[in-house]
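Please open the model in your viewer and keep the sequence panel visible. The stops below say what to select and what is found there.

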Amino acid sequence: MLNYRVSVRRDEPVKFKLQSHADMTALNPKEMMLYSAAMCAAYTLEYYLKRARVQVKGFEIEVSGNLSTETLQAQAYYTDFKVVYRVEGEDPATNEAISEAVLNTHNEGCGLIRMLKMIGATESEISITF
């Protein structure tokens, strides 16, 4: 299986940067799907953090997926996904609120992550550091 990975990073409020590629023109259509899911999750997480009045130093969301073929082909489709949330908090007392914001983003808030779950198995990983 061929694996693709796309990640976005936020160091300033509502300012996201593609981490995994030089720029969006380097993404193929299958990677664009992962990028869209990462951006949806990033904006959704930003919303939940703001709603909880939690400040973070930054966060990164990485979405990867395995294609059904060994090489990129038009008929290839994703069989499964992994979404990794890495959050750099400012105050350890906000750990629970950050966890809740990430879980809300992954489980219900982001429509594109929910769509990935309908396509194939979707694993998540959460890392919160201070």
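Select Arg 53 to begin. In this predicted model, Arg 53 is exposed, with a relative accessible area of 76%. Arg 53 belongs to the loop between H1 and E3. Its backbone has a positive phi of about 55°, although Arg 53 is not a glycine. Now add Thr 94 to the selection and draw a distance between the two C-alpha atoms: Arg 53 and Thr 94 lie 9.6 Å apart in space, with their positions 41 residues apart in sequence.

**The whole chain**

Clear the selection and show the chain as a cartoon. Three helices and five strands make up its secondary structure. From start to end of the sequence, the pattern reads β-β-α-β-β-α-α-β. Turn the view along the principal axes, where the C-alpha trace spans about 45 × 30 × 20 Å.

How does the radius of gyration of the chain agree with that of a compact globule? For 130 residues, such a globule would have a value near 14 Å, and the chain has 15 Å, which agrees. Colour by accessibility next: buried residues account for 45% of the 130 residues. Of the contacts between residues at least 6 apart in sequence, 69% join residues at least 24 apart.

**An aromatic pair**

Select Phe 16 and Phe 59 and show their side chains. Four aromatic pairs are counted in the model. In this one, the ring centres of Phe 16 and Phe 59 are 6.0 Å apart and the planes stand at 50°, so the pair is tilted. Phe 16 sits in strand E2 (residues 15–18) and Phe 59 in strand E3 (residues 56–67), so that the pair links distant parts of the chain, 43 residues apart. Are these two residues buried or exposed? Both Phe 16 and Phe 59 are buried. Add Tyr 43 to the selection, and the three residues Phe 16, Tyr 43 and Phe 59 form one aromatic cluster.

**His 21**

Move on to His 21, in the loop between E2 and helix H1 (29–51). Unlike the loop residue at the opening stop, His 21 is buried, with a relative accessible area of 18%, whereas Arg 53 is exposed. Which residues touch His 21, once neighbours within four places in sequence are left aside? They are Arg 5, Val 6, Ala 26, Leu 27 and Glu 31. For a longer reach, pick Cys 110 as well: its C-alpha is 23 Å from that of His 21, and the two are 89 residues apart in sequence.

**Thr 44 in helix H1**

Select Thr 44, which is part of helix H1. Thr 44 is buried, and its relative accessible area is 12%. Beyond its neighbours within four places in sequence, Thr 44 is in contact with Thr 105, Gly 109 and Cys 110.

**H1 against H3**

Two packed helices are described by the angle between their axes and the distance between the axes. Show H1 and H3 together: their axes are 7 Å apart and the packing angle is about 135°. That angle makes H1 oblique to H3. On the H1 side, select Met 33, Ser 36, Ala 37, Cys 40 and Ala 41; these meet Gly 111, Leu 112, Ile 113, Leu 116 and Ile 119 of H3. Colour this contact by residue type to see eight nonpolar residues, two polar and no charged.

**H2 against H3**

Keep H3 and bring in helix H2 (residues 95–109). The axes of H2 and H3 (residues 111–119) come within 7 Å and cross at roughly 55°. H2 is thereby oblique to H3. The H2 residues in this contact are His 106, Asn 107, Glu 108 and Gly 109, and those of H3 are Gly 111, Ile 113, Arg 114 and Lys 117. By type, the contact of H2 with H3 holds one nonpolar, four polar and three charged residues.

**The buried side of H2**

For the last stop, stay on H2 and select its buried residues. Which are they? Ile 98, Ala 101, Val 102, Asn 104, Thr 105 and His 106 are the buried residues of H2. Show the elements around them: these residues pack against H1, E3, strand E4 (78–89), H3 and strand E5 (121–129).

Terms used. Residues are numbered from 1 along each chain as its sequence is written. This is a predicted model: local features need pLDDT of at least 70, side-chain atom pairs count only at pLDDT 80 or more; totals for chains, interfaces and linings use all residues. Side-chain values use heavy atoms; hydrogens and water are left out. Rings of Phe, Tyr and Trp (its six-membered ring) pair if their centres lie within 6.5 Å; planes under 30 degrees apart count as stacked, over 60 as edge-to-face and the rest as tilted. Helices (H or I, at least four residues) and strands (E, at least two) are DSSP runs, numbered from the N terminus. Buried means under 20% relative accessible area, exposed over 50%, partly exposed in between (1.4 Å probe, protein chains only). Axes are lines fitted to C-alpha atoms, for helices over the stretch in contact, and angles run from 0 to 180 degrees between N-to-C directions. Angles under 35 degrees count as roughly parallel, over 145 as roughly antiparallel, 65 to 115 as roughly perpendicular and the rest as oblique. Contact means heavy atoms within 4.5 Å. Ala, Val, Leu, Ile, Met, Phe, Trp, Tyr, Cys and Pro count as nonpolar, Asp, Glu, Lys and Arg as charged, and the others, Gly among them, as polar. The radius of gyration is taken over C-alpha atoms; the globule rule is 2.2 Å times the number of residues to the power 0.38.
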